[in-house]
Amino acid sequence: MAADQGQDLITLTTDKLSADGVSESVTCPSCGAISLFIGTTRDNFEGKKVIRLEYEAYIPMAESELRKICSDIRTKWPSVRHICIQHRLGVVPVTEASVIIGISSPHRSESLEAVKYGIDTLKATVPIWKKEIYESGQPCWKENKE
Amino acid sequence: MAADQGQDLITLTTDKLSADGVSESVTCPSCGAISLFIGTTRDNFEGKKVIRLEYEAYIPMAESELRKICSDIRTKWPSVRHICIQHRLGVVPVTEASVIIGISSPHRSESLEAVKYGIDTLKATVPIWKKEIYESGQPCWKENKE
Amino acid sequence: MNTEQVSVLYFAKSAELTGLKAENITVPSNITSLQLWQDLETRHPRLSVLRDQVVLAVRQEYVPLCAQPLSLREGDEVAIIPPLSGG
Amino acid sequence: MNTEQVSVLYFAKSAELTGLKAENITVPSNITSLQLWQDLETRHPRLSVLRDQVVLAVRQEYVPLCAQPLSLREGDEVAIIPPLSGG
């Protein structure tokens, strides 16, 4: 259906992210399932109180790596319809979202699996870095373990 | 942490569901991950155009089965913090959400797996039924395949 | 033989077939789920199309159609559960 | 020996260690990624703490530190990529 082509929506922004915004952007009449993953800022790390995170990105390469993830998802799960990946940059206060991935598909297993693949791969391949700012002690650049 | 006890939030309602509402209801400062599944009304079934769905439930038993799902999730994934399951009843127009499950956890794999378990189990065990209303032809009570 | 009045709730297709949402009936307290279903089919012959798909819920717990006595108590709620389609 | 001027971009901890977001340097066009890193370490000795964790990105594609020539072209962008922590 040419009028209903799957869209890859990629956003890097310093604005607050919205689950409704992402969910609406991937909604489509022929899909029965939308899966969302929301990464939020935790208030603690190894007993230290985290006040906020600060994110920075190598923006053009991050966008290009995110487009590769969308393309990989479409190869692995051809029935996936729309993909929206938003990553916040700059300061992210505790409990606010740093990343939201939303994916729609006709049936639920594809979008659930694709969202998991998307966040796992984003953490492994997209040039974005976060620094944790603690209540006391030196800020620390983090490292994704997986 | 007594002040941060995990909550099971179960809602059956004829009101429109909101991804932001569910996401906010499970947000907590000690969690880094929120996973959401949104089931939406599809516009077609075997070539017939679907205009809307109508849901009905055996409400007290549906609530009791949903509480069992929450309890099972906490046994399987003890680190899960908050669980919110909302199911819409009555008329649900095409593209609107019939069900939203949101789960928060400190790390992402638990909430992703728990959401998948939640929607799979809901479809298999919760006494809720949907009737599809087509543009032409008799309405049809559906049957979950899995 | 003890009998009990129980409340039968019909949902989805079973409500359409019987034209009822609920009715009170009097049945032996040691009736099996299969006998209860057969009793309901006698009252509402159109229900027979659901025979191979339906389960009951007694006091809000699922019970398949089988030969086990239900141990019904006065006022119990028995729900007719066609194939589920929530989600 | 051909040389090229390339733009080096520093991110996260590498930017903190060098005090720079970017700088232009002139290097042999057939330099390997490992040699380029060693050149940068000579310019910015504090970078050495990243030696076992860092990779480069040349023209926005990842390149590990190794003995393969980079085939740099004039104006290429070379990014210093400390361990990722997006998400």
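Student: How much area is buried between chain A and chain B, and what share do carbon and sulfur atoms give?

Tutor: Good place to start! The size of an interface is often given as the accessible area lost when the parts come together. In this predicted model, about 2,800 Å² is buried between chain A and chain B, with carbon and sulfur atoms giving 53% of that area.

Student: And how many residues of each chain are in contact?

Tutor: Chain A brings 36 residues into contact with 36 residues of chain B.

Student: How many residue pairs are in polar contact between the two chains?

Tutor: There are 16 such pairs between chain A and chain B, counting pairs with both residues at pLDDT 80 or more. On the side of chain A that touches chain B, two or more residues come from each of helix 1 (19-26), strand 2 (33-40) and helix 3 (108-125) of chain A. Helix 3 of chain A gives the most, with nine residues. Sorted by class, that side of chain A has 14 nonpolar, 14 polar and eight charged residues.

Student: How many salt bridges are there between the chains?

Tutor: Chain A and chain B share two salt bridges. One to look up in the structure joins the side chains of Arg108(A) and Asp120(B), at 2.9 Å from N to O.

Student: Now for the strands. In which sense do strand 2 of chain A and strand 2 of chain B pair, parallel or antiparallel?

Tutor: They pair in the antiparallel sense, over seven bridges, and strand 2 of chain B covers residues 33-40. To find your way along the pairing, start at Ile38(A): its bridge partner in strand 2 of chain B is Ile34(B).

Note on methods
Residues numbered from 1 in each chain as written. Chains lettered and ligands numbered in written order. Predicted model: local features only at pLDDT ≥ 70, side-chain atom pairs only at ≥ 80, totals over all residues. Heavy atoms only, no water. Contact = heavy atoms within 4.5 Å. Buried area = accessible area lost by both parts, 1.4 Å probe. Salt bridge = Lys/Arg side-chain N within 4 Å of Asp/Glu carboxyl O. Polar contact = N/O pair within 3.5 Å; in protein donor to acceptor, adjacent residues only side chain to side chain. Helix = DSSP H or I, 4+ residues; strand = E, 2+ residues; numbered from the N terminus. Nonpolar A, V, L, I, M, F, W, Y, C, P; charged D, E, K, R; others polar. Pairing = 2+ DSSP bridges.
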